[in-house]
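Biologist: Could you take me through this one and show how each label was earned?

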Amino acid sequence: MAAAFTVRGPFTSMRRLVRPGPVTRNPKCRGSELPVCQPATCTVTRSSSLALERWSFVFKLSDIGEGIMEVTVKEWYVKEGDKVSQFDSICEVQSDKASVTITSRYDGVIRKLYYDVDTIALVGSPLVDIETDPGHEVAPEKDVVETPAVSLDEHTHQEIKGLKTQATPAVRRLAMENNIKLSEVLGTGRDGRILKEDILNFLSKQTGAILPHQEIRPPPPPLTPAPAALSKPREKGLPSAPQPVAPKPVFTGKDHTEPLKGFHKAMVRTMTAALKIPHFGYCDEVDVTQLARLRADLKDVAKARGVKLSFMPFFIKAASLGLLHFPILNASVDEGCQNITYKAAHNIGLAMDTSQGLLVPNVKNVQVLSVFDIAVELNRLQALGASGQLGTADLTGGTFTLSNIGSIGGTYAKPVILPPEVAIGALGKVQILPRFNSKDEVVKAHIMNVSWSADHRIVDGATMSRFSNLWRSYLENPAAMVLDLK
């Protein structure tokens, strides 16, 4: 008969209770990286006839900071019964600030998943159960060697050049059912992850199969009679041929309702708070012809250094130079608008359109960065935004914001202030338009429109106008920026 008892306590203490002997902590358990679930309860079952022991750990979602109390489970990388090793990805969760991948700290078998995809997981609640074998000792630090996982099943754990193929269990099952090796499929998901569409596309290329059609079926094109039939008169007494009737399109779509989650939920809170701020708007026109020539000269130099140089680094640096003269635009006010805090750092945010929605990462300490330094940081933020990997540090701490709506289209906008900031600017697209020069000659000019919004409780129109004029002067005469650069 088997005897069971429950032990509560740290992992090392439990191992000493069940199996005496030296215990060495794994040096690769890096608790400072991603929020990793901590074991809360360990149940040991021992059989009197067989020396078998199993420990089942209940991993709880730990506090990930920033006051976040709940996250959304976006994707499971494992299913019940799967074997996992240390540092294998278990799932991806998303808060209203960033996406985080949770990894395993032990070798074992997944016994239970507590949440479905797109459900809310609360901080401190169980996330997953992992059953481990306590007979497997952790090697000392000097003997720990990180090696790629060994493939036990050709379809479920395939490797490419020593790296495990990334795919969800559903995708792996689809590949196995169609006898497809994942190593032969090119993944188009994030970090090379293989998606269901990649399997279907691979299958269609191999077998000529037709991919699933859309829900709305357009009617076939109407049949056009041949020219000979149009020119030949219809004989009297003969019945006319029946005209083909085009089938009506069949629409099978259904409305569906889902709760707001992640970044969309954060946008609701932020914009609701922004509606309490009385906005003051100001628009102007900027001639960036000389700046366009300067960028063209420096573009190849930056490219040789591995950096893409756009107009934005110049816009951001010019804004920082202007904030030195108008520090009230780089300030914040408390909720009751009783106190104002002047920010020493110029953490200028850039509104960014991503697959996850509107995100506003910011470039830290622009006041001490060069134009090239800003370009390097923008390249990094844009790459993280495109892959959905912007972290909390990148998305918080902003003091002033620019929105480059012109990269999508449009000339004017009415930007909404991001509390607790007090000002924001929206940049229109750069257009080539006719303008008069100093000799009253019509010339071709690069024109951009800018729209400012400021908190009218503490910022007056004259201050916003003077800041805009100074910012515009730096861009219309880029050489003047050299005098103020540090």
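What follows is a chat about confidence, ring pairs and a cavity.

Modeller: One thing up front: this is a predicted model. The average pLDDT is 76, and 73% of the residues score at least 70.

Biologist: Where does pLDDT stay under 50?

Modeller: Residues 208-217 are one such stretch, and the model gives them 13 contacts beyond four places in sequence. Residues 226-231 are also below 50, with 1 contact beyond near neighbours in sequence. Where pLDDT is low, the predicted coordinates should not be read in detail.

Biologist: On to the rings. How many aromatic pairs are there?

Modeller: The structure holds 7.

Biologist: Why is the pair Phe400 and Trp452 called tilted?

Modeller: Their ring centres are 6.3 Å apart, and the cut-off for a pair is 6.5 Å. The planes sit at 45°; stacked needs under 30 degrees and edge-to-face over 60. The angle fits neither, so the pair is tilted.

Biologist: What makes you say that this pair ties together separate parts?

Modeller: Phe400 belongs to strand 19 (residues 400-403) and Trp452 to strand 22 (residues 442-455), so the pair ties together parts 52 residues apart in sequence.

Biologist: And what makes Trp452 and Trp471 edge-to-face?

Modeller: Their planes are at 85°, and the label calls for over 60. With the centres 5.2 Å apart, the two rings therefore form an edge-to-face pair. This pair links distant parts of the chain too: Trp452 is in strand 22 and Trp471 in helix 10 (residues 461-476), 19 residues apart.

Biologist: How do you know whether Trp452 is buried or exposed?

Modeller: Buried means under 20% relative accessible area. Trp452 has 1% relative accessibility, so Trp452 counts as buried. Trp471, at 0%, is buried as well, and so is Phe400.

Biologist: Which residues do ring pairs link into a cluster?

Modeller: Phe311, Phe315, Phe326, Phe400, Trp452, Phe467 and Trp471.

Biologist: Last topic, empty space. How many cavities of 30 Å³ or more does the structure hold?

Modeller: Just 1, with a volume of about 40 Å³. What makes a space a cavity is that a 1.4 Å probe fits but cannot get out.

Biologist: Which element gives the most to the lining of the largest cavity?

Modeller: Helix 7 (residues 312-325), with 4 residues. The lining includes Lys317, Ser320, Gln367 and Asp484.

Biologist: What is the lining of the largest cavity by class?

Modeller: There are 3 nonpolar, 2 polar and 3 charged residues. Leu321, Leu324 and Leu485 are in the lining, and Leu counts as nonpolar.

Notes: Residues numbered from 1 in each chain as written. Predicted model: local features only at pLDDT ≥ 70, side-chain atom pairs only at ≥ 80, totals over all residues. Heavy atoms only, no water. 1 Å grid on protein atoms, 1.4 Å probe; cavity = no way out; pocket = protein on both sides within 12 Å on 5 of 7 lines; lining within 4 Å. Points joined across faces, edges and corners; volume = space filled by probe spheres on them. Helix = DSSP H or I, 4+ residues; strand = E, 2+ residues; numbered from the N terminus. pLDDT = per-residue confidence, 0-100. Contact = heavy atoms within 4.5 Å. Phe/Tyr/Trp six-rings, centres within 6.5 Å; stacked < 30°, edge-to-face > 60°. Buried < 20%, exposed > 50% of the residue type's maximum accessible area, 1.4 Å probe, protein only.
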